[in-house]
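Biologist: Please take a close look at the charged side chains of this model. I would like to know who pairs with whom, how well each partner is covered, and what lies around the pairs.

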Amino acid sequence: MTDANIIEIFCILDEFCKYFAPELKKHTLDICGKRRRNRPCLMFDSEVMTILVLFHILRHRDLKSFYLGYVCNHMRKEFPHRLSYNRFVERQAKVGLHLLLFLQTCALGKCTGISIIDSTPLKSCNIKRAHSHRTMKGWA
């Protein structure tokens, strides 16, 4: 993946975000009485989306090792304002709708039937106490 390809992907995603963000704001309901921070994030939505697209193009196994190992170490020039991994995951959830609509409208390709789910295991309880907990009853 060359720098020109990364810049091209970023420009396409940035143009989409410039068009889509005002449209989404028009159709979003505001919650009365709830205060929100208006401080801008260091990383733009299009940068987060570019990293997610690169993750799938470069076929890495899990997002955490890709972000911490590849983006933070080898792509410092392309992404100068990197976030911590936890903050990146929070931003990923916020740009999910943007990325979904971009992929549906602009980049829909042929489905191969291969899907990858990235997850970090969550420890709910000690395995020895699993039978006494009712939270995960029927699942674990």
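Modeller: Glu 90 is partly exposed, because its relative accessible area of 44% falls between the limits of 20% and 50%. Before going further, note that this is a predicted model. The partner of Glu 90 is Arg 87, and their side chains meet in a salt bridge with 3.1 Å from N to O. Arg 87 is likewise partly exposed, since its relative accessible area is 30%. The two residues sit 3 apart in helix α4, so about one helical turn separates them. In general, side chains of opposite charge can pair when their charged atoms come close.

How many such bridges does the whole structure hold? The search finds 4 salt bridges. Another one also involves helix α4: Asp 45 forms a salt bridge with Arg 91, and the closest N and O atoms are 2.3 Å apart. This pair links distant parts of the chain, with Asp 45 in helix α2 and Arg 91 in helix α4, 46 residues apart. Asp 45 is partly exposed because 26% relative accessible area is above the 20% limit for burial and below the 50% limit for exposure. Arg 91, in contrast, counts as buried, because its relative accessibility is 10% and the limit is 20%.

A further bridge is found in helix α1, where the side chains of Asp 14 and Lys 18 meet at 3.6 Å, N to O. Asp 14 and Lys 18 are 4 residues apart in helix α1, which puts about one helical turn between them. Lys 18 is exposed, because its relative accessible area of 54% is over the 50% limit.

Asp 14 has a second side-chain partner. The side chain of Ser 46 makes a polar contact with the side chain of Asp 14, at 3.0 Å. Ser 46 lies in helix α2, which covers residues 45-57. Is Ser 46 buried or exposed? Ser 46 is buried, because a relative accessible area of 2% is under the 20% limit. Once neighbours within four places in sequence are set aside, the contacts of Ser 46 are Phe 10, Leu 13, Asp 14 and Cys 17. Of these, Cys 17 also counts as buried, because its relative accessibility is 10%, under the 20% limit. Cys 72 is buried as well, since its relative accessible area is 16%. The structure holds 0 disulfides.

The aromatic rings can be read in a similar way. The count comes to 6 aromatic pairs. In one of them, the ring centres of Phe 16 and Phe 20 lie 5.5 Å apart with planes at 10°, so the pair is stacked. Phe 16 and Phe 20 are 4 residues apart in helix α1 (residues 3-27), so about one helical turn separates them. Both of these phenylalanines are buried. In another pair, the ring centres of Tyr 67 and Tyr 85 are 6.3 Å apart and their planes stand at 45°, so the pair is tilted. Tyr 67 belongs to helix α3 (residues 63-74) and Tyr 85 to helix α4 (residues 85-94), so this pair ties together parts 18 residues apart in sequence. Tyr 67 and Tyr 85 are both buried. Ring pairs also join Phe 16, Phe 20 and Phe 102 into a cluster.

Some totals for the chain set these details in context. The chain has 5 helices and 0 strands, in the order α-α-α-α-α from the N terminus. Of its 140 residues, 24% are buried. Among contacts between residues at least 6 apart in sequence, 70% join residues at least 24 apart. The accessible surface of the chain is about 11,600 Å², and carbon and sulfur atoms account for 57% of it.

To return to the charged pairs: Asp 14 with Lys 18 and Glu 90 with Arg 87 are salt bridges within one helix each, while Asp 45 with Arg 91 joins helix α2 to helix α4.

Technical notes:
Residues numbered from 1 in each chain as written. Predicted model: local features only at pLDDT ≥ 70, side-chain atom pairs only at ≥ 80, totals over all residues. Heavy atoms only, no water. Buried < 20%, exposed > 50% of the residue type's maximum accessible area, 1.4 Å probe, protein only. Polar contact = N/O pair within 3.5 Å; in protein donor to acceptor, adjacent residues only side chain to side chain. Contact = heavy atoms within 4.5 Å. Disulfide = S-S within 2.5 Å. Areas by Shrake-Rupley, 256 points an atom, 1.4 Å probe, with all protein chains shown as cover. Phe/Tyr/Trp six-rings, centres within 6.5 Å; stacked < 30°, edge-to-face > 60°.
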